[in-house]
Amino acid sequence: MRVERFGDGLPEVAIVAAIHGDEPCGVTAVERLLAADLSVRRPVALVVANEAALERGERFLEADLNRSFPGDSESEAHEVRLAADLADLLADCETLAIHSTRSHAEPFGVVERLDDWSRRIAPALPLESIVESGHLVDGRLFASVDRLIEVEAGHQGTAAAAENAHRIALAFLTATGALPGTPLHRELPVYRLTEDIQKRPADEYEVHVENFQQVAAGDAFASQDDQPLTAEEPFYPVLLSADGYESRFGYAAERVGTLR
């Protein structure tokens, strides 16, 4: 794990890249922030988390880091040990974790549940929407960090995702008071995950709908070996893709309001 610091004292604000080693956009953002030699008002940590997986261009080596929190410093698995170290570093920080996706080009944010902190920070970031994930997936960084927003910055490996990540990182530093300036403020639609959409073993998978566009009851939203999957009730797809996950297409969500 690589940690670079701005300002004096223990970090109060953190930006984390490369939780997954095949998602380099956050690393580009960190490098651009370091090159800018920022003058900060609060101590900041810039973190490149899973350097070993990043070197190999793989999501993880032994265990998915974002399914391994709070971690265990005595574990034999690299990512489980790393999760414990990262949890210790970030425990008291306002944190932005930067990801990218195979399923959606426009950046959006993920929180476990909206609270007073995330309701203030999220509208100050250049995002198209915010998603409440709840406890649908165990072992994520939310298990160790209270003040956390994850962002999906765009399509994995693209220049656009790297540019989005840099803009979001600067906006986050401004919103948290680490950099001077007036924070952005925009309205964000809010979605809440309701279930994951599992895959069964098949040779080919296809997705027929767009993320964040409502699927009507009875519509075919995906297929497995040409066998359609149809919606039993309306839902909004989130992170839905043919190959983003091994065992699931993605998630179903409901729209629950607008963050203003």
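**Exercise 1. Work out whether Arg248 is buried or exposed, and what its side chain meets.**

Step 1: Start with the surface. Arg248 has a relative accessible area of 16%, and buried means under 20%, exposed over 50% and partly exposed in between, with a 1.4 Å probe and protein chains only. So Arg248 is buried.

Step 2: Place the residue. Arg248 belongs to strand β13, where helices (H or I, at least four residues) and strands (E, at least two) are DSSP runs numbered from the N terminus.

Step 3: Look for a polar partner. The side chains of Arg248 and Asp196 make a polar contact of 3.3 Å. A polar contact is a pair of N or O atoms within 3.5 Å; within protein, one must be able to donate a hydrogen and the other to accept it, and residues adjacent in sequence count only if both atoms are side-chain atoms.

Step 4: List the rest. Skipping neighbours within four places in sequence, Arg248 is in contact (heavy atoms within 4.5 Å) with Asp196, Ile197, Gln198 and Lys199.

A word on the input: this is a predicted model, in which local features need pLDDT of at least 70 and side-chain atom pairs count only at pLDDT 80 or more, while totals for chains, interfaces and linings use all residues. Residues are numbered from 1 along each chain as its sequence is written, and side-chain values use heavy atoms, with hydrogens and water left out.

**Exercise 2. Lay out the sheet of 10 strands and find which strands stand at its edges.**

Step 1: Write down the order. The open sheet runs β1-β3-β2-β4-β7-β5-β6-β8-β13-β12, with mixed pairing; two strands pair if DSSP finds at least two bridges between them.

Step 2: Check the ends. β1 (2-6) and β12 (236-238) each have a single partner strand, so one side of each lacks a neighbour in the sheet.

Step 3: Get the twist. From one strand to the next, the twist averages 30 degrees.

Step 4: Zoom in on β12. Strand β12 and β13 (residues 248-259) run antiparallel and are joined by 3 bridges. Within β13, Ala253 stands opposite Tyr236.

Step 5: Add the helices. α1 packs on the sheet, touching β1, β2, β3, β4 and β7, and its direction makes about 140 degrees with that of β3. Helix α3 (residues 78-90) touches β1, β2, β3 and β4, at about 155 degrees to the direction of β2. Axes here are lines fitted to C-alpha atoms, for helices over the stretch in contact, and angles run from 0 to 180 degrees between N-to-C directions.

**Exercise 3. Do the same for the sheet of 3 strands.**

Step 1: The order is β9-β10-β11, the sheet is open and the pairing is antiparallel.

Step 2: β9 (205-207) and β11 (227-230) are at the edges with one partner strand each, so each has a side without a neighbour in the sheet. Neighbouring strands are turned by 25 degrees against each other on average, direction ignored.

Step 3: β10 (residues 220-224) pairs with β11 over 4 bridges. Ala222 has Leu229 as its bridge partner, and Gln224 stands opposite Gln227.

Step 4: The β10 and β11 hairpin has 2 residues between the strands, and Asp225 takes a positive phi near 50 degrees there.

**Exercise 4. Decide how enclosed α5 is, and what follows the helix.**

Step 1: α5 has 17 residues and spans 24 Å from first to last C-alpha, close to the expected 24 Å; that expectation is 1.5 Å times one less than the number of residues.

Step 2: Count the buried residues. They make up 12 of the 17, so α5 is largely enclosed by the rest of the structure. Among them are Asn164, His166, Ile168 and Phe172.

Step 3: Ask what they pack against: β2, α1, β3, β4, α4 (116-121) and β7.

Step 4: Move past the end. Gly177 follows α5 and has a positive phi, near 80 degrees.

**Exercise 5. Describe the surroundings of His20.**

Step 1: His20 sits in the loop between β2 (13-17) and α1 (25-36).

Step 2: Its relative accessibility is 3%, so His20 counts as buried.

Step 3: His20 and Arg59 have their side chains joined by a polar contact of 3.3 Å. Beyond four places in sequence, His20 is in contact with Glu58, Arg59, Asp64, Asn66 and His99.
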